[in-house]
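Please look through the sequence and the model below with the packing of its helices and its interior in mind. The paragraphs that follow begin with one pair of helices and work outward from there.

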Amino acid sequence: MKLGVLGLGSSHGDDQIGWVLVDALKGLLPESVVCEKLTTPAHSLVTLLPQFDQVIVIDACEMEQKAGEYRYIEDGSGFLHMQNAPVSSHTLGISESWQLLLKLEQPLPQISLFLVQLGQTETMAPISDCISEQIPNMVEQLNKTVKLRCIN
């Protein structure tokens, strides 16, 4: 079983959280888990997703919650089939990439989503304090989740 942890992001404010969490997880996870930081989901996700049996995608998004709140969705494929799913701040995000792969009849992995509510995405700004404070909790939850998948 090939498991990937994919952090989506950019260098703009809270949109960096996917990258930060992947970097934090790299030293904690088994070497068999592929950790990648991605900037252009349209290209990257469409090319990468079929390479995995299971994948956890980490992304900042708008979920109408307080900045820094996060949500883990085990069955991401069901969530991605919902219309208007609040998934990504990118032009062609996770949901659209997933739908494109379905249309192309490409093999798809079991997908889970780890979504973090954005606070701000100012150009080249650091991650906001309310999200930075939650990073240890996010890393702990992701670490447990990935390790459980490696055991099963």
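In this predicted model, the crossing of H1 and H6 is right-handed. The two helices pack with their axes 10 Å apart and at an angle of about 60°, and because of that angle H1 counts as oblique to H6. On the side of H1 the contact is made by Ile17, Val20, Leu21, Ala24 and Leu25, while H6 contributes Ile135, Met138, Val139, Leu142 and Asn143. Sorted by character, the residues of this contact comprise nine nonpolar, one polar and no charged.

Ile135, which lies in helix H6, gives a closer view of this pairing. With neighbours within four places in sequence set aside, Ile135 is in contact with Ile17, Val20 and Leu21, each of which also appears among the H1 residues of the helix contact. Although Ile135 and Ile17 are 118 residues apart along the chain, their C-alpha atoms are separated by 8.5 Å. Ile135 counts as buried because its relative accessibility is 17%, the cut-off for that class being under 20%.

From the helix pair one can move to the interior of the chain. In soluble globular proteins, nonpolar side chains tend to be buried together. Here the largest nonpolar core has 22 residues, and the members that touch the most others are Val5, Ile17, Leu21, Ile58 and Phe114. At least two residues of this core come from each of strand S1 (3-8), helix H1 (17-26), strand S3 (54-61), strand S5 (110-117) and helix H6 (135-151), and the largest share, five residues, is supplied by H6. Apart from this core lies another, of 20 residues, which includes Leu8, Leu80, Ile94 and Trp98.

Which residues does Ile58 touch, not counting residues up to four places away in sequence? The list consists of Val5, Leu6, Gly7, Leu8, Gly18, Leu21, Val22, Leu25, Phe114 and Leu142. Gly18, one of these partners, lies in helix H1 and counts as buried because its relative accessibility is 0%. Leaving aside neighbours within four places in sequence, Gly18 is in contact with Gly7, Leu8 and Ile58. The C-alpha atoms of Gly18 and Leu6, which are twelve residues apart along the chain, are separated by 7.6 Å.

Another residue to inspect is Gln16, which lies in the loop between S1 and H1. Is Gln16 buried or exposed? Gln16 is buried, because its relative accessible area of 19% falls under the 20% cut-off. Not counting residues up to four places away in sequence, Gln16 touches Ser10, Ser11, Ala125, Pro126 and Ile127.

These local views can finally be set within the whole chain, whose secondary structure comes to six helices and five strands. Read along the sequence, these elements follow the pattern β-α-β-α-β-β-α-α-β-α-α. Buried residues make up 48% of the 152 residues in the chain. Of the contacts in the chain with a separation of 6 or more, 78% are accounted for by residues 24 or more positions apart, and the pair of Ile135 and Ile17, 118 residues apart along the chain, can be revisited with that figure in mind.

Definitions and conventions: Residues numbered from 1 in each chain as written. Predicted model: local features only at pLDDT ≥ 70, side-chain atom pairs only at ≥ 80, totals over all residues. Heavy atoms only, no water. Core = buried A, V, L, I, M, F, W, Y, C linked by side-chain atoms within 4.5 Å. Buried < 20%, exposed > 50% of the residue type's maximum accessible area, 1.4 Å probe, protein only. Helix = DSSP H or I, 4+ residues; strand = E, 2+ residues; numbered from the N terminus. Contact = heavy atoms within 4.5 Å. Axes fitted to C-alpha atoms, helices over the stretch in contact; angles between N-to-C directions. Parallel < 35°, antiparallel > 145°, perpendicular 65-115°, else oblique. Left-handed = near helix turned anticlockwise from the far one by under 90°. Nonpolar A, V, L, I, M, F, W, Y, C, P; charged D, E, K, R; others polar.
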